[in-house]
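User: I am new to this structure and would like a close look at one part of it. Please take me through that part step by step.

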Amino acid sequence: MRELQRAADAGLVVETLFVREQQSSDQSVLELLAKFRETAETHAVSVGDSVLNAISYRGDSAEAVAIAQTFSLELHQLPTPKNALFLVAAGLEKPGNLGSILRSADAVGATGVIICDQVTDLFNPNVVRSSLGTVFCVQVARTTVQPFVRWCVKHNIALVATSPDAETMYTDFDYRKSTAILIGSELGGLDQSWMEFATEYVRLPQKGFADSLNAAMTANAILFEVIRQRDCASSN
């Protein structure tokens, strides 16, 4: 219901809402349906436990399941305000990590998330679940390397690559200008083409035996450093 509520708040076009029959008259369900009907002719279908459990990603924990229209994900539709902040998922493979990144991007008020060289479907149920429904709230675009790099040059956006070999610590870089933070795949990180296109390189400190951090954790650390710097600058 949490994810569905966020979809409703974002104006997602929902065609059908399947509701567990014993909850079909609940006030929360009726309010949700009314919200969906503000943007579409949403059909409500009351179903038994066996049906909802079969179509639900979470089985018997779900109260309702929706069929919704996917939305456009074009790079040129993203806003490019002064001091924009983008998180770029380059070849990210795990839906849970993409969902976590969307959740963090929402938390810091990022301008948008850009999926480059898509491997994971943005509408994968686990992306929706791990994002806590923020997949419907954050501005998202899909693209490939070359168009994205040209777009960054056009809008004067610094491309910041994360690399364990970088000389600059992630806390020492100035993120107050328009910035796109590049996060690579879980297995191989950013490939060489990205390293060539990047304008800046930063690293996170690592004291243990592992040679890399989880992609979502890396994104979280840098995103919150960005917002810390920007908040400090605005208060001075």
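User: Which residues are exposed on the other side of helix 6? Please start there, then work outwards to what surrounds helix 6.

Analyst: A word first: this is a predicted model.

Start with the exposed side. Arg150, Val153 and Lys154 are the exposed residues there. Now turn helix 6 around. Val145, Phe148, Val149, Trp151 and Cys152 are buried. These five share one side of helix 6, because they cover an arc of only 160° around the axis. There is a general rule behind such patterns. An α-helix has 3.6 residues a turn, so residues three or four places apart point the same way.

What do the buried residues meet? They pack against strand 4, strand 5, strand 6, strand 7, strand 9 and helix 7 (192-197). Five strands and one helix are named there, and the strands lead us to the sheet.

Before that, look at the end of helix 6. Asn156 follows, and its phi is positive, near 55°. Asn156 is not a glycine. Most residues other than glycine have a negative phi. Asn156 sits in the loop that joins helix 6 (145-154) to strand 7 (158-162). Its relative accessible area is 67%, so Asn156 counts as exposed.

Now the sheet. Seven strands form it, in the order 6-5-4-9-7-10-8. The sheet is open, and its pairing is parallel. Strand 6 and strand 8 (168-169) are the edges, each pairing on one side only. Strands of a sheet pair through backbone hydrogen bonds, either parallel or antiparallel.

Strand 4 deserves a closer look. Six of its six residues are buried, so strand 4 is largely enclosed by the rest of the structure. Leu85, Leu87 and Ala89 point one way. Phe86, Val88 and Ala90 point the other way. This fits a general pattern. In a regular strand the side chains alternate between the two faces of the sheet.

Strand 4 has a partner on either hand in the sheet order, strand 5 and strand 9. With strand 9 (residues 179-183), strand 4 pairs in the parallel sense over five bridges. Two of the bridge partners can be named. Phe86 is matched with Ala180, and Val88 with Leu182. With strand 5, strand 4 again pairs in the parallel sense, over five bridges. There, Leu87 stands opposite Val113.

How does the chain get from strand 4 to strand 5? Helix 4 lies between them, and the three make a right-handed β-α-β unit. Helix 4 (residues 95-108) has 14 residues, which should span 20 Å at 1.5 Å a residue. Its end C-alpha atoms are 20 Å apart, so the two values agree.

Many residues of helix 4 can be traced inwards. Asn97, Leu98, Gly99, Ile101, Leu102, Ser104, Ala105 and Val108 are buried. They pack against strand 4 (85-90), strand 5 (112-116), helix 5, strand 6 (140-143) and helix 8 (215-235). Strands 4, 5 and 6 therefore appear in the surroundings of helix 4 and of helix 6 alike. Just after helix 4 comes Gly109, with a positive phi of about 70°.

Go on past strand 5. The loop between strand 5 and helix 5 holds Asp117. Its phi is near 50°, positive although Asp117 is not a glycine. At a relative accessible area of 31%, Asp117 is partly exposed.

Helix 5 (125-130) then links to another part of the chain. It is among the elements that cover the buried residues of helix 1. Those buried residues are Glu3, Leu4, Ala7 and Ala8, in helix 1 (residues 2-9). They lie on the same side of helix 1, because their arc around the axis is only 140°. The cover also includes strand 1 (14-20), helix 2 (27-36) and strand 3 (64-68). Gly11, just after helix 1, has a positive phi of about 80°.

One last check concerns cysteines. Cys152 is buried in helix 6. Cys137 is partly exposed, at 42% relative accessibility. Cys232 is partly exposed too, with a relative accessible area of 36%. The structure holds zero disulfides.

To return to your question: helix 6 has Arg150, Val153 and Lys154 exposed on one side. Its buried side packs against strands including strand 4.

Conventions:
Residues numbered from 1 in each chain as written. Heavy atoms only, no water. Buried < 20%, exposed > 50% of the residue type's maximum accessible area, 1.4 Å probe, protein only. Helix = DSSP H or I, 4+ residues; strand = E, 2+ residues; numbered from the N terminus. Arc of directions from axis to C-beta. Contact = heavy atoms within 4.5 Å. Expected span 1.5 Å × (residues − 1). Disulfide = S-S within 2.5 Å. Pairing = 2+ DSSP bridges. Right-handed = clockwise from strand over helix to strand, strands pointing away.
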